[in-house]
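Got your viewer open? Load the model, switch to cartoon view, and follow along one selection at a time.

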Amino acid sequence: MAAAGRLPSSWALLAPLLAVLALLGVGPVPARALHNVTAELFGAEAWGTLAAFGDLNSDKQTDLFVLRERNDLIVFLADQNAPYFKPKVKISFKNHSALITSVVPGDYDGDSQMDVLLTYIPKNHAKSDLGAVIFWGQNQTLDPNNMTILNRTFQDQPLIMDFNGDLIPDIFGITNESNQPQILLGGNLSWHPALTTTSKMRIPHSHAFIDLTEDFTADLFLTTLNATTSTFQFEIWENLDGNFSVSTILEKPQNMVVVGQSAFADFDGDGHMDHLLPGCEDKNCHKSTIYLVRSGTKQWIPVLQDFSNKGTLWGFVPFVHEQQPTEIPIPITLHIGDYNMDGYPDALVILKNTSG
């Protein structure tokens with residue numbers, strides 16, 4: 001996530017990203033193949049923070065969910081004529097004195113209409129807990145007056161998952177009602193205990209709902225803190241006939257001081273899902289690194305430790321908790337994708353010059 005506001009020019013955004021792709025060795029910088037299509041896609045409306053994708057109006061075209069000033073959500077619907085994305089739906093939080101922190105489209109009541117979950121922090125709020133509200137889809141659009149404000153707050157961004165296997169998304173997280181993870185079941189919106197654990201959830205978390213035991217059933221991956229030592233660790237809760245039980249606990253790499261967000265990809269193309277972890281071996285991230293642990297093992301393997309390129313030393317940007325309500329901090333994150341179309345996953349990251 002990033003703070004809402006006017007976007008810089010396309011080349012201002014692309015230049016550091018292209019440098020990162022070159023740094024990670026994904027081939028020649030493809031600058032000559034790029035051209036600016038912003039005006040053609042958005043016209044004069046090309047400002048804000050792209051928060052999510054989804055097909056709001058069920059036309060089988062991808063629509064864009066954009067935040068502006070962190071209290072307005074604008075949905076750009078795909079169109080056959082230029083500009084190809086037009087702002088058609090608006091949800092405003094200005095009257096609620098709240099700042100939006102995340103946008104998660106989904107069908108939360110199972111009526112085949114796309115709804116939108118928003119998490120937010122109230123302005124001038126003493127606590128850091130997040131409120132949540134669901135705007136319900138109706139007639140392939142959103143009604144700003146048809147919403148449900150959840151009666152509990154979250155310590156961190158909730159994880160959206162299908163906890164009970166009914167094909168309706170559920171909402172998982174630590175709430176103000178309990179130190180144990182809770183689940184809000186989609187459909188009837190009822191709260192239930194999710195797991196019993198002594199571990200504390202890491203903030204910000206990078207939980208995942210993913211099949212890590214290769215039984216064709218999604219398991220629950222949790223990023224936690226050891227209850228005794230407060231050491232960063234990773235837990236796999238195996239899904240056995242709808243019941244989750246902890247099967248594996250893995251501690252962070254020994255030399256990692258700053259721990260980033262977990263990511264998953266078949267890194268070596270062997271058909272098994274690997275766990276990738278970015279981080280730093282010093283608090284200022286002058287020595288950044290990316291580790292990997294292969295499926296079914298507990299051994300961390302460094303896959304990238306040299307972040308230098310043409311005499312410049314690059315490094316991750318350490319996570320800083322939000323100091324001002326107009327800014328959203330960005331954790332150290334790997335954005336996995338096949339950016340050079342060679343059939344292997346690449347990693348897009350945000351780096352800073354640490355040379356001096």
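Start by selecting residues 243–251, which make up strand S17, together with S16; the two run antiparallel and are joined by eight bridges. For one rung of this ladder, show Glu235 and look across to Ile249, its bridge partner in S17. Now slide along to the turn: this hairpin has two residues between its strands, and Asp241 there takes a positive phi near 55°. Keep in mind as you click around that this is a predicted model.

Keep S16 (residues 232–240) on screen and add S15, residues 219–225. This pair is antiparallel too, held by six bridges. Pick Thr224 and you'll find Gln233 as its bridge partner in S16. The connection here has six residues between the strands, and the one to click is Ser230, with a positive phi near 60°. If you're wondering what does the joining, strands of a sheet pair through backbone hydrogen bonds, either parallel or antiparallel.

Next stop: Ser206. Where does it sit? Look in the loop between strand S13 (200–201) and strand S14 (208–210). Is Ser206 buried or exposed? Its relative accessible area is 9%, and the cut-off for buried is under 20%, so Ser206 counts as buried. To see what surrounds Ser206, show Phe221, Thr223, Gln261 and Ser262, its contacts once neighbours within four places in sequence are left aside. Then draw a distance from the side chain of Ser206 to Ser262: a polar atom of that side chain lies 3.0 Å from the backbone nitrogen of Ser262.

Now for the sulfurs. Select Cys280 and Cys285 and show them as sticks; a disulfide joins the two, with an S to S distance of 2.0 Å. The count for this model comes to one disulfide. Which hand does the disulfide have? The torsion about the S-S bond of Cys280 and Cys285 is about 90°, so the disulfide is right-handed. Turn on a surface and try to find the two cysteines: Cys280 has a relative accessible area of 0% and is buried, and Cys285 is also buried, at 0% relative accessibility.

Swing back to lower residue numbers for a sheet. Four strands form an open sheet in the order S1-S2-S3-S4, with antiparallel pairing. Colour strand S1 (49–54) and strand S4 (85–92) to mark the edges, where each strand pairs on one side only. Sight along the sheet: its neighbouring strands are turned by 25° against each other on average, direction ignored.

Inside that sheet, zoom in on strand S2 (residues 63–68) and strand S3 (residues 72–78), an antiparallel pair joined by five bridges. Show Arg68 and its bridge partner in S3, Asp72. While side chains are on display, remember that in a regular strand they alternate between the two faces of the sheet.

Finally, zoom all the way out. How many helices and strands does the protein chain have? There are two helices and 27 strands. Of its 356 residues, 44% count as buried. Switch to a surface for the last view: the accessible surface of the protein chain comes to about 18,300 Å², with 52% of it belonging to carbon and sulfur atoms. As for contacts with a separation of 6 or more, residues 24 or more positions apart account for 42% of them.

Key. Residues are numbered from 1 along each chain as its sequence is written. This is a predicted model: local features need pLDDT of at least 70, side-chain atom pairs count only at pLDDT 80 or more; totals for chains, interfaces and linings use all residues. Side-chain values use heavy atoms; hydrogens and water are left out. Buried means under 20% relative accessible area, exposed over 50%, partly exposed in between (1.4 Å probe, protein chains only). A polar contact is a pair of N or O atoms within 3.5 Å; within protein, one must be able to donate a hydrogen and the other to accept it, and residues adjacent in sequence count only if both atoms are side-chain atoms. Contact means heavy atoms within 4.5 Å. Accessible areas come from the Shrake-Rupley method with a 1.4 Å probe; for residues, only the protein chains shown count as cover. Two strands pair if DSSP finds at least two bridges between them. Axes are lines fitted to C-alpha atoms, for helices over the stretch in contact, and angles run from 0 to 180 degrees between N-to-C directions. A disulfide is a pair of cysteine sulfur atoms within 2.5 Å.
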